[in-house]
Amino acid sequence: MKDFPIVQELHYLDNAATTQRPLQLVEAMKDYTLKFNANAHRGIYSIGEKSTEIVEDTRKKVANWINASPEEIVFTKGTTEAINIVARGLKKSKIYLTQLEHHANFVPWQQFHEVIIANYDENTDKVNFDFEKEFDVLATTYMSNVTGSILPVKELIRKAKEKRALALVDAAQVIGHKKIDVKDLGCDFLAFSAHKMYGPTGVGVLYIKKEVQELVKPLIYGGNMIKNVTLEKTELAQGIQRFEAGTMDIAGIAGFNAALDYLAQNIENFSLNEEKLTCYLLEKLDEQKIKYFGHKNSSGPVVSFVLDVHPHDVSTILDRYNVCIRAGHHCAQPLMQCLGVVATCRVSFAGYNTKEDVDKLIQGLKEARRVING
Amino acid sequence: MDELYREVLLEHYKNPQNSGKLINPDIVQKDSNPLCGDVVEFYLRLKEGKVTEVSFEGKGCVICMATSDILSEKFKGMSLDEIQSMQREEVLDILGLNLTHTRVKCAMLPLVAVKKGIIEFKSKGEKK
Ligand SMILES: Cc1ncc(COP(=O)(O)O)c(C=O)c1O
């Protein structure tokens with residue numbers, strides 16, 4: 001893939017952690033940094049205005065991409081911060097979570113609210129919800145970062161709405177693979193990170209539906225989020241501006257702008273390629289009698305597996321083949337408990353991956369078994 | 001194939017000389033590395049302030065298990081103070097490995113566990 005020089009030498013299969021970045025993004029960030037660097041929403045001179053324009057243009061693009069309005073898009077530093085804004089900004093409530101959650105959509109709720117959990121059943125690859133239960137907020141992942149399981153989010157939100165609950169979707173994993181429509185989903189909040197959709201680290205998005213913005217208190221206070229400040233008191237700004245205190249990562253946002261264009265152009269080809277590679281990988285794992293989790297229902301291009309070699313040793317040996325996979329608990333310890341393991345090996349694909357990456361992986365796995373088990 | 005998985009280490013991993021439990025040990029200490037799920041439990045017997053017998057049980061990667069076995073041997077004959085003053089450089093020297101940041105944690109777990117056990121033991125007041 002000529003757009004991603006780094007993968008020419010590398011079999012990079014840790015895309016669920018972060019995706020590589022296309023040259024187009026690097027160009028956009030370089031261009032911004034060398035020609036327009038100035039603070040946004042402040043300077044009344046041309047490069048200051050240009051910086052503001054870049055931020056607001058990106059906000060529009062994000063809004064378009066998920067079918068929201070720009071007044072519903074808050075820039076954050078990532079999914080984690082986005083979810084924290086909601087978890088810390090809502091009044092104490094009862095939260096319905098799933099066992100598939102990444103710690104980012106688990107720990108903030110557990111710290112500040114009462115949580116109930118819908119368990120994951122590995123045999124059916126389904127999450128068992130009980131909508132007889134009382135709750136105020138449904139906070140669910142769209143796609144697991146461990147098993148790749150895709151949840152029937154639209155249906156879940158419809159049921160939550162029947163109970164007048166709010167709904168937050170952690171879209172961190174799905175966003176780089178599938179186009180999302182917040183109106184169709186019916187969610188109140190949606191969170192994702194630019195760095196999992198070919199964008200830079202340090203930029204993320206929180207979608208907050210207009211009707212619920214007043215329910216959320218800002219997490220961070222300071223400049224840019226105020227209407228008026230006197231010695232006695234501060235009047236906060238209205239709308240999304242309240243959630244964007246301080247200077248943002250404007251160069252990152254400029255890069256994100258280019259990444260969004262890139263994704264829009266490529267998402268169809270990319271997701272088809274990822275689907276085929278996932279099938280190919282599962283076949284190869286079956287051939288090697290290597291156990292993987294999930295993939296019995298609708299799933300994305302993320303596969304966790306275990307073999308008779310510790311994931312750390314697997315990962316270290318694969319590194320010798322220039323194959324990068326993830327070994328560990330993937331920030332999803334509640335799910336690990338359910339799978340009955342402490343750590344797995346995880347392969348996750350992006351659009352630039354090839355069959356050769358999988359072949360190299362399998363060759364490395366055989367070698368790991370040979371070296372360690374003799 | 002390479003340094004990390006050279007024969008000696010794999011031999012300690014596959015055929016550890018010091019694995020198993022001790023009956024009535026003076027120190028028992030378990031510790032784990034939540035990141036990768038390595039778990040070790042060490043058993044130490046003491047006489048006149050020195051370690052006379054060491055064994056361990058555990059589950060983990062090659063680095064962690066092999067280090068447990070190698071250090072078990074090393075601890076025998078040492079005083080508790082000597083063990084407590086051991087630093088990571090010393091462990092890495094004994095292994096003769098150039099480890100990456102994450103893998104250093106695998107190698108350090110055994111010493112971390114034993115040091116914890118010693119602190120606990122001392123805080124209870126020495127028995128022997
Ligand atoms: C499902 C899911 N949610 C949240 C996050 C956290 O994203 P970030 O670290 O960008 O805040 C991740 C990242 O791995 C994820 O996979």
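At 46% relative accessibility, Lys296(A) falls in the partly exposed class, where buried means under 20% relative accessible area, exposed over 50% and partly exposed in between (1.4 Å probe, protein chains only). The model is predicted: local features need pLDDT of at least 70, side-chain atom pairs count only at pLDDT 80 or more, and totals for chains, interfaces and linings use all residues. Residues are numbered from 1 along each chain as its sequence is written, chains are lettered from A and ligands numbered from 1 in the order in which they are written, and side-chain values use heavy atoms, with hydrogens and water left out.

**Exercise 1.** Find the partner of Lys296(A) and place both residues.

Solution. Step 1: Lys296(A) forms a salt bridge (a side-chain nitrogen of Lys or Arg within 4 Å of a carboxyl oxygen of Asp or Glu) with Glu122(A), the closest N and O atoms being 3.4 Å apart. Step 2: the two are 174 residues apart, Glu122(A) in the loop between strand 4 (114-121) and strand 5 (126-128), Lys296(A) in the loop between strand 12 (291-292) and strand 13 (302-306) of chain A. Strands (E, at least two residues) and helices (H or I, at least four) are DSSP runs numbered from the N terminus. Step 3: Glu122(A) has 14% relative accessible area and is therefore buried.

**Exercise 2.** Describe the pair Arg59(A) and Glu56(A).

Solution. Step 1: their side chains meet in a salt bridge of 2.8 Å, N to O. Step 2: both lie in helix 2 (residues 46-66) of chain A, three residues apart, about one turn of the helix. Step 3: Arg59(A) is buried at 4%, whereas Glu56(A) is partly exposed at 27%.
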